[in-house]
Amino acid sequence: MWVLLAIAVVVVGFALRINSMLVVTAAGIVAGLIGGLSPVKILDAFGDGFAGSRSVTVFIVTLPVIGLIERYGLQHQARKLISKLKVLTTGRLLAIYLLIRQGTAALGLTSIGGPAQAVRPLIQPMAAGAAERRYGKLPEKVQEKIKGFAASADTVGLFFGEDIFVAIGSILLITGFVDATYGLHLEAIDIALWAIPTGICALLIHGTRLLLLDRQLDKLAAESKAAEKEAAR
């Protein structure tokens with residue numbers, strides 16, 4: 001029971017909005033000490049954990065490249081490109097990206113998109129550019145809403161698309177856990193097939209939300225202009 005104090009450390013740390021890395025590290029140390037581990041053993045456990053999951057940090061290598069590309073005008077070119085495609089509204093653009101993201105994830109190509117690789121440098125500026133072409137200068141509230149929906153298109157597409165691919169880690173984890181814990185034999189292909197209806201529903205539901213985003217932006221833009229006129233008086 002005393003080991004559960006580590007959970008209390010996490011809850012209190014997050015409630016106080018302390019740096020999440022420090023909170024998790026402190027919780028690990030508390031759990032180790034209560035569990036009877038020596039400081040050396042705790043440090044060894046941290047080292048093993050880092051060595052076993054260091055591939056998770058590979059994405060950091062791409063950040064300097066993306067930063068250089070942005071510095072030399074990637075976002076500007078994205079906005080310029082979308083300004084020429086008048087048929088594409090913000091909602092339609094994000095709906096198309098959702099379809100592409102989910103389709104590629106279903107084929108196992110999960111690294112093609114992503115918040116750092118695609119959403120921030122390309123998708124979000126293009127979505128904002130489509131809105132600027134239609135409404136002019138965007139208020140901060142509208143910009144934040146576009147950012148949120150751009151990120152959601154990527155997240156929903158990846159989350160509900162990757163489980164359709166049989167060799168993805170989540171499916172292998174499910175089959176391995178169920179086989180080892182409950183003695184049931186699950187085939188990865190069966191889980192992948194059952195993920196298809198869920199993926200289709202997610203595509204239709206969130207795709208509709210993205211298409212309806214244009215109406216929400218119309219309303220927000222009208223409210224912002226009315227507020228500006230009121231303030232000018």
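This report walks through the helices, the nonpolar core, the salt bridges and the annotated spans of the structure above. Keep in mind that the model is predicted.

**Two helices with two sides**

Let's start with helix H2, which runs over residues 20–34. H2 has 15 residues, and from its first C-alpha to its last it reaches 21 Å, close to the 21 Å expected at 1.5 Å a residue. Which residues of H2 are buried? They are Val 23, Ala 27 and Gly 32. These buried residues cover an arc of only 165° around the axis, so they sit on the same side of H2. Turn to the other side of H2 and you'll find Met 21 and Leu 22, which are exposed. After H2 comes Gly 36, with a positive phi near 90°.

Now look at helix H9, residues 169–182. H9 has 14 residues and reaches 20 Å from first C-alpha to last, close to the 20 Å expected at 1.5 Å a residue. Its residues Ile 171, Thr 175 and Val 178 are buried. Here the arc around the axis is only 70°, which puts the three on the same side of H9. Leu 173 and Ala 180, on the other side of H9, are exposed. So what covers the buried residues of H9? The cover includes H10. Like H2, H9 has a glycine after it: H2 is followed by Gly 36, and H9 by Gly 183, whose phi is positive, near 70°.

**The nonpolar core**

Next, the inside. The largest nonpolar core has 30 residues. Within this core, the residues with the most contacts are Leu 94, Leu 138, Ile 146 and Leu 210. Several helices chip in: H5 (74–84), H6 (90–106), H7 (115–135), H8 (140–162), H10 (188–211) and H11 (213–232) each supply at least two residues of this core. Which helix gives the largest share? That's H7, with nine residues.

Zoom in on Leu 210 for a moment. If you leave aside its neighbours within four places in sequence, Leu 210 is in contact with Gly 91, Leu 94, Ala 95, Leu 98, Phe 149, Ser 152 and Ala 153. Apart from the largest core lies another one, of five residues, including Ile 168, Ala 188, Ile 191 and Ala 192.

There's also a loop to check out, between H5 and H6, where you'll find Leu 85. Leu 85 has a relative accessible area of 38%, so it counts as partly exposed. Leu 85 and Ala 130 are 45 residues apart along the chain, and their C-alpha atoms are separated by 8.4 Å.

**Salt bridges**

How many salt bridges are there? The count comes to three. Here they are, each with its N to O distance:

| Salt bridge | N to O distance |
|---|---|
| Arg 101 and Asp 154 | 3.0 Å |
| Asp 218 and Arg 134 | 3.5 Å |
| Lys 147 and Glu 144 | 3.5 Å |

Take the pair Arg 101 and Asp 154. Arg 101 is in helix H6 and Asp 154 in helix H8, 53 residues apart, so the pair links distant parts of the chain. Is the pair buried or exposed? Arg 101 counts as buried because its relative accessibility is 3%, and Asp 154, at 3% as well, also counts as buried.

The pair Asp 218 and Arg 134 joins two other helices. Asp 218 lies in helix H11 and Arg 134 in helix H7, so this salt bridge ties together parts that are 84 residues apart in sequence. Asp 218 is partly exposed, at 30% relative accessibility, and Arg 134 is partly exposed too, at 44%.

Lys 147 and Glu 144 both lie in helix H8, three residues apart, which is about one turn of the helix. Lys 147 is partly exposed, with a relative accessible area of 37%, and Glu 144 is partly exposed at 42%.

**Spans from the record**

Finally, an unreviewed UniProt entry carries the annotation "transmembrane region" for residues 56–74, 164–185 and 191–212. In the model, residues 164–185 are 64% helix and 0% strand, with end C-alpha atoms 19 Å apart. Residues 191–212 are 95% helix and 0% strand, and their end C-alpha atoms lie 32 Å apart.

Notes: Residues numbered from 1 in each chain as written. Predicted model: local features only at pLDDT ≥ 70, side-chain atom pairs only at ≥ 80, totals over all residues. Heavy atoms only, no water. Helix = DSSP H or I, 4+ residues; strand = E, 2+ residues; numbered from the N terminus. Expected span 1.5 Å × (residues − 1). Buried < 20%, exposed > 50% of the residue type's maximum accessible area, 1.4 Å probe, protein only. Arc of directions from axis to C-beta. Core = buried A, V, L, I, M, F, W, Y, C linked by side-chain atoms within 4.5 Å. Contact = heavy atoms within 4.5 Å. Salt bridge = Lys/Arg side-chain N within 4 Å of Asp/Glu carboxyl O. UniProt positions renumbered as here; feature names shortened; annotations may be inferred.
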